[in-house]
Amino acid sequence: MDIESVSGNEAAIAGAVESALRSLDHLEVVRDGDTVMARTNLGRAERIILAGHLDTVPLPTVPGARGTVPSRWDGEVLYGRGATDMKGGVAVQLALAAQLTEPTRDITFIFYDHEEVDASLSGLGRVARSYPAWLEADFAILLEPTDGTVEGGCNGTMRFQARTTGKAAHSARAWMGENAIHAAAEILVRLRGHEPATVRVEGLDYRESLNAVRISGGTAGNVIPDAAMVEINYRFAPDKDLAQAEAYVRNLLDGFDLVVTDASAGARPGLDRPAAASFVAAVGAEPKPKYGWTDVARFSALGVPAVNFGPGDALLAHSDDEHVHAEAIRECLRALRTWLG
């Protein structure tokens, strides 16, 4: 955690991870950019992927914030950027890589860069393109923070820009123009009145959300605006593919000019697969749905069932007070070591 690794600056931490893994004779190690991969090759009947990203969001700028770098302890609580998202999980990966020299299942460890930024930059996506064989497995666990509970699948996410146009005029003679910002009001009215659904998928209830997240328009304080834009984010349950999610929003906002600017499909839970069911039973807690998008969706697209399971409270991720309890990390390590060892 004391190695600052804001997205785009992962070289130092990737180097430290690579050095630690190359010291372990039982692992095959490959580095691609700032992504480091390692795996056992013991000929086991099953292969499991343990994956985690090395990057963090930017450091807090608020004076006195505790979620920064370097980290610091307060009793058994560790404060600092990445404590929950997700260097606690990365620490568990590294410990398992060192300790499990004869695991009951073959293990592939993926430590990847550029998760906290645009999906096109993802190190995991780059591995899928350049080293597809490294992502072949029976089951994958992404060590994102889940408070020690298995979270199956994830919601998909899609962003739109809804644009309105008008006619510019001097605000003293407003009747000569057409106000594009006023025209956008109907978009907000429809979004405000929208009732988000809760969709059951393979026994888990996924809550959806559809919201305006940004609005812009206008050029000056004395000009009737001739253009406005509302940015919209739709978090949709994994029962929908991208085409269905887009059609849903276009139907709600029929009559407006919508442009899709970003889209990532969700992931179905896949908890009925043997390896997944075995892991859920080993953890012992009732699995929950994952509302936010995570890279389990990438594994799902490759045909690998995946879940989120890691130390820390996801509600603290990216916060100025980011922290994790030491026991949460120890418990996550114990659960995975017992299941894999």
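Start by selecting β4, β5 and β19: these three strands make an open sheet, in the order β4-β5-β19, with antiparallel pairing. At the edges are β4 (72-74) and β19, each of which pairs on one side only. From one strand to the next, the twist averages 25°. Before you go further, keep in mind that this is a predicted model.

**Stop 1: inside the small sheet's pairing**

Now show strand β5, residues 77-79, together with β19. The two pair in the antiparallel sense over three bridges. To see one of the pairings, pick L78 and look across to β19, where its bridge partner is V324. Then add helix α9, residues 326-340. This helix lies across β4 and β19, and runs at about 60° to β19.

**Stop 2: H323**

Stay on β19, which covers residues 323-325, and select H323. Is H323 buried or exposed? H323 is buried, with a relative accessible area of 14%; the cut-off for calling a residue buried is under 20%. Which residues surround H323, once neighbours within four places in sequence are left aside? Display V77, L78, Y79, A83, T84 and L316, and you have its contacts. Next, add D321 and draw a distance from its backbone oxygen to the side chain of H323: a polar atom of that side chain lies 2.6 Å away.

**Stop 3: P60 and the loop before β4**

D321 also makes a handy landmark for the next selection, P60. Along the chain, P60 and D321 are 261 residues apart, but their C-alpha atoms are separated by 9.1 Å. You will find P60 in the loop between β3 (47-53) and β4. P60 is buried, at a relative accessible area of 15%. Not counting residues up to four places away in sequence, P60 touches A65, G67, T68, R81 and D320, so try showing those as sticks around the proline.Move along to P70, which sits in the loop between β3 and β4 as well. Zoom in on the peptide bond between V69 and P70. This bond is cis, with omega of about 5°.

**Stop 4: a second cis bond, at D85 and M86**

Select D85 and M86 next. What kind of peptide bond joins D85 and M86? The bond is cis, and its omega is about -10°. M86 belongs to helix α2, which spans residues 83-99.

**Stop 5: the β1-β2 hairpin**

Go back towards the start of the chain and show β1 (residues 28-32) with β2 (residues 35-39). How many bridges join strand β1 to strand β2? Five bridges join these antiparallel strands. Pick E28 and look to β2 for its bridge partner, R39. Then move to the turn of the hairpin, where two residues lie between the strands. One thing to look for here is G33, which takes a positive phi near 60°.

**Stop 6: positive phi without glycine**

Two further residues are worth a click for their backbone angles. Begin with H114, in the loop between β6 (106-112) and α3 (123-130). H114 is not a glycine, yet its phi is positive, near 55°. At 18% relative accessibility, H114 counts as buried.

Now select D147, in the loop between β7 (139-142) and β8 (151-152). D147 has a positive phi of about 60°, although it is not a glycine. Is D147 buried or exposed? With 52% relative accessibility, D147 counts as exposed.

**Stop 7: the cysteines**

Select C154 and C332 and draw a line between their sulfurs. How many disulfides does a search of the whole structure find? The search finds zero. For C154, the closest cysteine sulfur is that of C332, and at 19 Å the gap is too far for a bond; a disulfide needs two cysteine sulfur atoms within 2.5 Å. C332 is likewise in no disulfide. As for surroundings, C154 is buried, at 0% relative accessible area, and C332 is buried at 3%.

**Last stop: residues 156-254**

Finish by colouring residues 156-254. Here UniProt, in an unreviewed entry, places the feature "domain: Peptidase M20 dimerisation". The span is 24% helix and 41% strand. Mark the C-alpha atoms at its two ends, and you will find them 22 Å apart.

Definitions and conventions. Residues numbered from 1 in each chain as written. Predicted model: local features only at pLDDT ≥ 70, side-chain atom pairs only at ≥ 80, totals over all residues. Heavy atoms only, no water. Helix = DSSP H or I, 4+ residues; strand = E, 2+ residues; numbered from the N terminus. Buried < 20%, exposed > 50% of the residue type's maximum accessible area, 1.4 Å probe, protein only. Polar contact = N/O pair within 3.5 Å; in protein donor to acceptor, adjacent residues only side chain to side chain. Contact = heavy atoms within 4.5 Å. Pairing = 2+ DSSP bridges. Axes fitted to C-alpha atoms, helices over the stretch in contact; angles between N-to-C directions. UniProt positions renumbered as here; feature names shortened; annotations may be inferred.
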